Amino acid sequence: MKTPVHLNALRAFEASARNLSFSAAADELNVTPAAVGQLVRHLEEWVGTPLFVRQRSGKARLVLTDSAERALSDISAGFERLWLGLTKLREGAVAGVLTVAVSPAFAAKWLLPRIDRFQGLCPDTDVRLDTNLKPVDFVAQGIDIGVRYGLGHWPNLMATKLMDEEIYPVCSPQLLHGLHRINRPADLLSETLIHDLSMDSHSGFPTWSAWLTQAGVKVDSTIRGMKINNSAAVLQTAIEGYGIALARSVMARGDLASGRLVRLFKDIHFESPLAYYIVCRDGCTSSPRQIAFRDWLIQEAYGESQKINGPIPTKQE
């Protein structure tokens, strides 16, 4: 019986076949292309058949043999299952590292100002934030739990709604006091309006045109203004008095409470069709760390809702 193939050789083959490149596989595995090629040759010797079609020099992309192409999906799935198994071995305690995926703006405006409360509850859990504007691969990047903004449907993820959101105009109090001319929604057309480009990829997110239309303002052409691709930077620009932002209530709450921003036209309500969701891998058993963090997020969101809306009245007997 042949000696079982070394796991590193399988990893080298899987990465090379998936990327169709020894160089790309080497970058992914943090080794040299020569090392990847040698590991693949060892695997070919073990299975007794070539895995890649040997081509003339100068060909950039690898070509899989028929047998290698048939085997690739099973080997890739095996590595994914192996990673999940190893993850479960580490999920036996609250102590350890919890990797949380959130957007940079959500981290800056909502999560970081209150994360010390979670650390006070779970001092043995080290939170590592993975901040990215684009969705990340939870398995490949070792993400335990995350918060995403959208309609609540993402492939291979389970989603639990955390918070709804309202959209409204905000500006610096200094800007408002200095102008004394923003009395009607139509007056906004004469001001510098700040647009949040980071929301362009979210289908259904309310724009300035949508808000103004609901407020009864006729919008004849494209609304000009300042365009920024980060929600936190949008609010900071408004705080510094450079214009009026269409704010997301979850992001703006702290700045409104501190007086750095003021909300305009409080009688006009525009609920966003998008919301914040707690997400984790579909079918993955939650660890004590994940459960503690999820429950803490829900409690924080509930407490914030109570501050804004007040407690629900109890029925009098």
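Five strands make up an open sheet of mixed pairing, in the order β7-β6-β8-β5-β9. β7 and β9 (262–263) lie at the edges with a single partner strand each, so one side of each has no neighbour in the sheet. Strands here are DSSP runs of E of at least two residues, helices are runs of H or I of at least four, and both are numbered from the N terminus; two strands pair if DSSP finds at least two bridges between them. The model is predicted, so local features need pLDDT of at least 70 and side-chain atom pairs count only at pLDDT 80 or more, while totals for chains, interfaces and linings use all residues. Residues are numbered from 1 along each chain as its sequence is written, and side-chain values use heavy atoms, with hydrogens and water left out.

Strand β6 (residues 193–196) has partners on both sides. It runs parallel to β7 (residues 225–228), to which four bridges join it, and Ile194 has Met226 as its bridge partner in β7. Between these two strands the chain passes through helix α8 (residues 208–214), in a β-α-β crossover that is right-handed; the term means that, with the strands pointing away from the viewer, the path from the first strand over the helix to the second runs clockwise. With β8, β6 pairs over two bridges, also in the parallel sense. Leu193 is opposite Ile244 of β8, and the partner of Ile194 in that strand is Ala245.

In a regular strand, side chains alternate between the two faces of the sheet. In β6, Leu193 and His195 point one way and Ile194 and Asp196 the other, and all are buried, that is, under 20% relative accessible area (exposed is over 50%, partly exposed in between; 1.4 Å probe, protein chains only).

Asp196 also belongs to the lining of the largest cavity, together with Ser231, Val234, Leu235, Leu246, Ala247, Arg248 and Met251. A cavity is a set of points, on a 1 Å grid over the protein atoms alone, where a 1.4 Å probe fits but cannot get out, and lining residues have an atom within 4 Å of a point. Grid points are joined across faces, edges and corners, and a volume is the space filled by probe spheres set on the points. The search of the whole structure finds one cavity of 30 Å³ or more, and the volume of the largest is about 40 Å³. α9 (231–239) and β8 (244–248) each contribute at least two residues to its lining. By type, the lining has five nonpolar residues, one polar and two charged (nonpolar: Ala, Val, Leu, Ile, Met, Phe, Trp, Tyr, Cys and Pro; charged: Asp, Glu, Lys and Arg; polar: the others, Gly among them).

Elsewhere, helix α5 (residues 104–111) has six of its eight residues buried, so it is largely enclosed by the rest of the structure. The buried residues of α5 are Ala105, Phe106, Ala107, Lys109, Trp110 and Leu111.

Two loop residues have an unusual backbone angle. Most residues other than glycine have a negative phi. Leu20, in the loop between α1 (7–19) and α2 (22–29), has a positive phi near 55°. Phe265, in the loop between β9 and β10 (275–281), likewise has a positive phi, of about 55°, and is buried with a relative accessible area of 14%.

Over the protein as a whole there are eleven helices and ten strands, and 43% of the 317 residues count as buried. Of the contacts (heavy atoms within 4.5 Å) between residues at least 6 apart in sequence, 77% join residues at least 24 apart.

Terms used:
On a 1 Å grid over the protein atoms alone, a cavity is a set of points where a 1.4 Å probe fits but cannot get out, and a pocket is an open set with protein on both sides within 12 Å along at least five of seven lines; lining residues have an atom within 4 Å of a point.
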